[in-house]
Structures are given as C-alpha cells and as structure tokens.
Amino acid sequence: MTGQEIFDQAIKKRDEYSSVLMVAYEAIGENLFPMLEQAESEGKKIVLLPSIPYEDGPSEPYPTIG
C-alpha cells in the first residue's frame, strides 16, 4: 500500500491518529507518505513530539570542534 493510501484510510477513521496525521501532513506535506509506508512495514505509527522553545533548550553551549 502506498503512503497516500495509508494516509487516506487513516483520515477516514476520524480518530486521534487521523488528527496526528493531519497535523503532520500540514507540517511536512507529501514527505509524510514515505514515513507512513515505513511505519506500516515496521508495525509502528507516526507520533508528534512537542517542540522545545529555544529559550528552554540546553543550558550548556553546543561543543565546538577545533
């Protein structure tokens, strides 16, 4: 099944997972489809993680090379 088909089937259910997929699609567009294909082949689902505002990021500076 293609990613587009997986997406279309999930959206028809109008459940929590369809909401997750709609938000993901709005954020990344058709790049979601290959991820859906991979997730299905591995028996997994797409999840959304909250973003961390820059102000709340790591307290230590990133290491530099050199």
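I take exposed to mean over 50% relative accessible area and buried to mean under 20%. With that settled, I note that the model is a predicted one.

**Entry 1. The chain as a whole**

I counted the elements and found 3 helices and 0 strands in the protein chain. Read from the N terminus, the order is α-α-α. The chain has 66 residues, and 23% of them are buried. I looked up the surface next: about 5,700 Å² is exposed, with 55% of that supplied by carbon and sulfur atoms. I also checked how far along the chain the contacts reach. Of those between residues at least 6 apart in sequence, 49% join residues at least 24 apart.

**Entry 2. The core**

I looked for the largest nonpolar core and found 12 residues in it. Helix 1 (3-13), helix 2 (16-28) and helix 3 (32-41) each give two or more residues to this core. Among the core residues are Ile-6, Phe-7 and Ala-10, then Tyr-17, Val-20, Leu-21 and Ala-24. Further along the chain the core takes in Leu-32, Phe-33, Leu-36, Ala-39 and Ile-46. I set a general remark beside this: in soluble globular proteins, nonpolar side chains tend to be buried together.

**Entry 3. Helix 1**

I listed the buried residues of helix 1 as Gly-3, Ile-6, Phe-7 and Ala-10. They lie on the same side of helix 1, because they cover an arc of only 100 degrees around the axis. These buried residues pack against helix 2 and helix 3. I followed Phe-7 in particular. Not counting neighbours within four places in sequence, Phe-7 has contacts with Leu-21, Met-22, Tyr-25, Leu-32, Phe-33 and Leu-36.

**Entry 4. The loop before helix 2**

I stopped at Arg-14, which sits in the loop between helix 1 and helix 2. The phi of Arg-14 is near 50 degrees, and this is a positive value in a residue that is not glycine. Arg-14 is exposed, its relative accessible area being 76%. I then looked at Asp-15, where a side-chain oxygen comes to within 3.3 Å of the backbone nitrogen of Tyr-17, at the start of helix 2.

**Entry 5. Helix 2**

I checked the length of helix 2. Its 13 residues reach 19 Å from first C-alpha to last, close to the 18 Å expected at 1.5 Å a residue. I then asked myself which residues of helix 2 are buried. I found Tyr-17, Ser-18, Val-20, Leu-21 and Ala-24. They are on the same side of helix 2, because their arc around the axis is only 155 degrees. I recalled the general rule that an α-helix has 3.6 residues a turn, so residues three or four places apart point the same way. The cover over the buried residues of helix 2 includes helix 1 and helix 3. On the face turned away from the buried side I found the exposed residues Glu-16, Glu-26 and Ala-27. Just after helix 2, Gly-29 has a positive phi of about 65 degrees.

**Entry 6. Ser-18**

I wanted to know whether Ser-18 is buried or exposed. Ser-18 is buried, since its relative accessible area is 6% and the cut-off is under 20%. Ser-18 belongs to helix 2. With neighbours within four places in sequence left out, Ser-18 is in contact with Ala-10 and Ile-11. I also noted that the side chain of Ser-18 reaches the backbone oxygen of Asp-15 at 2.7 Å. From Ser-18 to Asp-8 I read 9.2 Å, C-alpha to C-alpha, across 10 residues in sequence.

**Entry 7. Leu-21**

I ended with Leu-21, also placed in helix 2. Leu-21 is buried, with a relative accessible area of 0%. What does Leu-21 contact, leaving aside its neighbours within four places in sequence? I wrote down Phe-7, Ala-10, Ile-11, Leu-32, Leu-36 and Ile-46. The C-alpha atoms of Leu-21 and Ala-10 are separated by 8.0 Å, and the two residues are 11 apart along the chain. I note again that both Leu-21 and Ala-10 are in the largest nonpolar core.

Definitions and conventions:
Residues are numbered from 1 along each chain as its sequence is written. This is a predicted model: local features need pLDDT of at least 70, side-chain atom pairs count only at pLDDT 80 or more; totals for chains, interfaces and linings use all residues. Side-chain values use heavy atoms; hydrogens and water are left out. A nonpolar core is a set of buried Ala, Val, Leu, Ile, Met, Phe, Trp, Tyr and Cys residues joined through side-chain atoms within 4.5 Å. Buried means under 20% relative accessible area, exposed over 50%, partly exposed in between (1.4 Å probe, protein chains only). Helices (H or I, at least four residues) and strands (E, at least two) are DSSP runs, numbered from the N terminus. Contact means heavy atoms within 4.5 Å. The expected span of a helix is 1.5 Å times one less than its number of residues. The arc is that of the directions from the helix axis to the C-beta atoms. A polar contact is a pair of N or O atoms within 3.5 Å; within protein, one must be able to donate a hydrogen and the other to accept it, and residues adjacent in sequence count only if both atoms are side-chain atoms. Accessible areas come from the Shrake-Rupley method with a 1.4 Å probe; for residues, only the protein chains shown count as cover.
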